Amino acid sequence: MSLSSSSSSDGMEGDMIGAFQAEYEEAMLNLEAEPRRSRRCREFIRRDRLGAHDRLYEDYFADDCNYPPSFFRRRGEAPIVNFTVNGHEYNYGYYLADGIYPSWPVFMKGVTLPQSEKHRLFTAAQSAWRKDVECAFGVLKARFNILAVPGRSNSRRTLGLIMRACVILHNMIIDDERDTNLENIYETVDSNVGPAIHNNAPPSLAARIQMDNKMRDSPMYTQLQHDLIEHVWANA
């Protein structure tokens, strides 16, 4: 009894193994019958960077460029500012900045760790003037929401008109709140600052590099800071 049952179970196991083996062989034959996909090689694009650089220079930066200013609506330049301080003449303005900015003539910072009385006076004055400007813009932004939102969609002329209108309205509001007539004239005053935008031809690449070097001239920054320190001390 036990011998017959063991032989029958062995037969069933053999049949199951045979069935699995046949199914495996059929699956392997079907897998080999499918065509293999060819491996795609990465394409190499020759961009000709040197040629692109030459074309860019000839199109926009050469003295006789392919696209002159008539192809564009306008070209901008920094305002022309001429002033003399402590006997030295300077041909561009500067921004009052704190210590995180580089020592360039276009950024005027206070003296780090001032030791002399002149340096302490200049640093205190520079900090006070810088905070006055930041406070003034903060007040205007809090009062007029148009100054607190991005304005990149507007032109430079429109931004200037918006800023001037907000300043005039702010001064008028202050006069009305004080209930006094300060006899302020809300008109554009004469200035030696030239227009910020004009349609003259752009300078050549060599002139641009020269202007960029002047903007980053550390000795000129040191000279300008020294002249301003002497000016503030003489007028204190």
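**Loops, core and charges in a predicted model**

At 40% relative accessibility, Asn 86 counts as partly exposed. The model here is a predicted one, and Asn 86 makes a handy way in, since its backbone stands out: phi is positive, at about 55°, although the residue is not a glycine. Asn 86 sits in the loop that runs between strand E2 (83-85) and strand E3 (88-90). Leu 113 also has a positive phi without being a glycine, here about 50°. Its place is the loop between strand E5 (107-108) and H3. Leu 113 is exposed, with a relative accessible area of 68%, a value that falls in this class because exposed means over 50%.

As for the overall layout, the protein chain has six helices and six strands. Going along the sequence, the order of elements reads α-α-β-β-β-β-β-α-α-β-α-α. The chain counts 236 residues, and 15% of them are buried.

Turning to the inside, the largest nonpolar core is built from eleven residues: Val 85, Tyr 90, Met 108, Val 111, Phe 122, Ala 125, Tyr 221, Leu 224, Leu 228, Ile 229 and Val 232. Two elements, helix H3 (117-143) and helix H6 (218-234), each give two or more residues to this core. H6 provides the largest share, with five residues.

Helices H3 and H6 come up again among the salt bridges, of which the structure holds three. One of them pairs Lys 118 with Glu 230, with 3.2 Å between the closest N and O atoms. This pair ties together distant parts of the chain, as Lys 118 belongs to helix H3 and Glu 230 to helix H6, 112 residues apart. Both partners are partly exposed: Lys 118 has a relative accessible area of 29%, and Glu 230 comes in at 22% relative accessibility. Glu 230 is not classed as buried, because that label needs a value under 20%.

Another salt bridge joins Arg 120 to Glu 117, the closest N and O atoms lying 3.1 Å apart. Arg 120 and Glu 117 are three residues apart in helix H3, so about one helical turn separates them. Arg 120 is partly exposed at 39% relative accessibility, and Glu 117 is partly exposed as well, with a relative accessible area of 46%.

The remaining pair is Glu 134 and Arg 130, whose closest N and O atoms are 3.6 Å apart. Here the partners are four residues apart in helix H3, which again puts about one helical turn between Glu 134 and Arg 130. Their surroundings do not match, though: Glu 134 is partly exposed, with a relative accessible area of 48%, whereas Arg 130 is buried, with a relative accessible area of 16%.

Charge also shows up on the surface, where Asp 54, Glu 58, Asp 63 and Asp 64 gather in a patch of negative charge. Of these residues, Glu 58 is found in helix H2 (residues 49-61). Glu 58 counts as partly exposed, at 41% relative accessibility. That value lets Glu 58 join a patch, because patch residues need over 30% relative accessible area and no salt bridge.

Key
Residues numbered from 1 in each chain as written. Predicted model: local features only at pLDDT ≥ 70, side-chain atom pairs only at ≥ 80, totals over all residues. Heavy atoms only, no water. Patch = residues over 30% accessible without salt bridge, like charges linked within 9 Å, V, L, I, M, F, W, Y side chains within 5 Å. Areas by Shrake-Rupley, 256 points an atom, 1.4 Å probe, with all protein chains shown as cover. Salt bridge = Lys/Arg side-chain N within 4 Å of Asp/Glu carboxyl O. Lys, Arg positive; Asp, Glu negative; His and termini not counted. Charge placed at Lys NZ, Arg CZ, Asp CG, Glu CD. Buried < 20%, exposed > 50% of the residue type's maximum accessible area, 1.4 Å probe, protein only. Core = buried A, V, L, I, M, F, W, Y, C linked by side-chain atoms within 4.5 Å.
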